[in-house]
Structure formats: C-alpha cells, structure tokens
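Dear colleague,

I am handing over the structure we spoke about, placed just below, and I would be glad if you could look through it alongside the notes that come after.

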Amino acid sequence: MTNISLIITCYNSSKTIEVVIKQILNFIKNNDEIVIVDDGSTDDTVKIIDNIADKRINLIYLTRVGRTKALNTGIKNSKGKYLFINDAD
C-alpha cells in the first residue's frame, strides 16, 4: 500500500523540475509516490521528467486546464494514505 502521495502540478517548469523531483526522491520511501500533473507544458518539462527513471513517479499529461483542475486530477490519481502538495519550483 502506498503511504504517501506527493502531488506536483507543473507548467513550463524545465528550469526547476529535475532538482525538485530528485530532492523528493531522496526523502520518500519505496512504497511512496510522486504524482506529477503536467498542464500542457510547451518547453522540455515532460522530456526532463521522462528521463528520470524511477517507478515512484506517475506522470499525467493534461492540455492546459489550469492549476486547480490539474491538482484535482493529481488527487484523484493518488494512491497514498496521506497527500502532500509541492510546487514545481
């Protein structure tokens, strides 16, 4: 069972997303997850996330729906007992 789900919504976050993800991965356990909801980025954000090979990352792609809907999508797709929200920067 997943204990912690950490939700990140992002849009054009290529300058910060890799550092944020790697820092989080250092602190969470193997049964935790990071749910990343990309809100239609037009930069290299998705490519950067895809290059981080870790089974704890769940990337969801949306087409510019806004942060609120992106966050709700992340919550609906989380499996953790506890939910945390983190910014992409």
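What follows describes the sheet and then the helices that lie on it.

Please keep in mind throughout that this is a predicted model. Its four strands form an open sheet in the order E3-E2-E1-E4, and their pairing is parallel. Strand E3 (57-62) and strand E4 (82-86) are at the edges and have a single partner strand each, so one side of each has no neighbour in the sheet. From one strand to the next, the twist averages 20°. Between strand E2 (residues 33-39) and E3, which run parallel, there are six bridges, and Val35 has Asn58 as its bridge partner in E3.

Turning to the helices, H1 (residues 17-27) lies across E1 (4-10), E2, E3 and E4, and its direction is at about 175° to E1. Helix H3 (residues 67-76) also packs on the sheet, where it touches E1, E2, E3 and E4, with its direction making about 155° with that of E1.

Which residues of H3 are buried? Ala70, Leu71 and Gly74 are, and because these residues cover an arc of only 100° around the axis, they fall on the same side of H3. This is in keeping with a general point: an α-helix has 3.6 residues a turn, so residues three or four places apart point the same way. The buried residues of H3 pack against E1, E2, E3 and E4, whereas the face of H3 turned away from its buried side carries Thr68, Lys69 and Lys76, which are exposed.

With best wishes

Terms used:
Residues are numbered from 1 along each chain as its sequence is written. This is a predicted model: local features need pLDDT of at least 70, side-chain atom pairs count only at pLDDT 80 or more; totals for chains, interfaces and linings use all residues. Side-chain values use heavy atoms; hydrogens and water are left out. Two strands pair if DSSP finds at least two bridges between them. Helices (H or I, at least four residues) and strands (E, at least two) are DSSP runs, numbered from the N terminus. Axes are lines fitted to C-alpha atoms, for helices over the stretch in contact, and angles run from 0 to 180 degrees between N-to-C directions. Contact means heavy atoms within 4.5 Å. Buried means under 20% relative accessible area, exposed over 50%, partly exposed in between (1.4 Å probe, protein chains only). The arc is that of the directions from the helix axis to the C-beta atoms.
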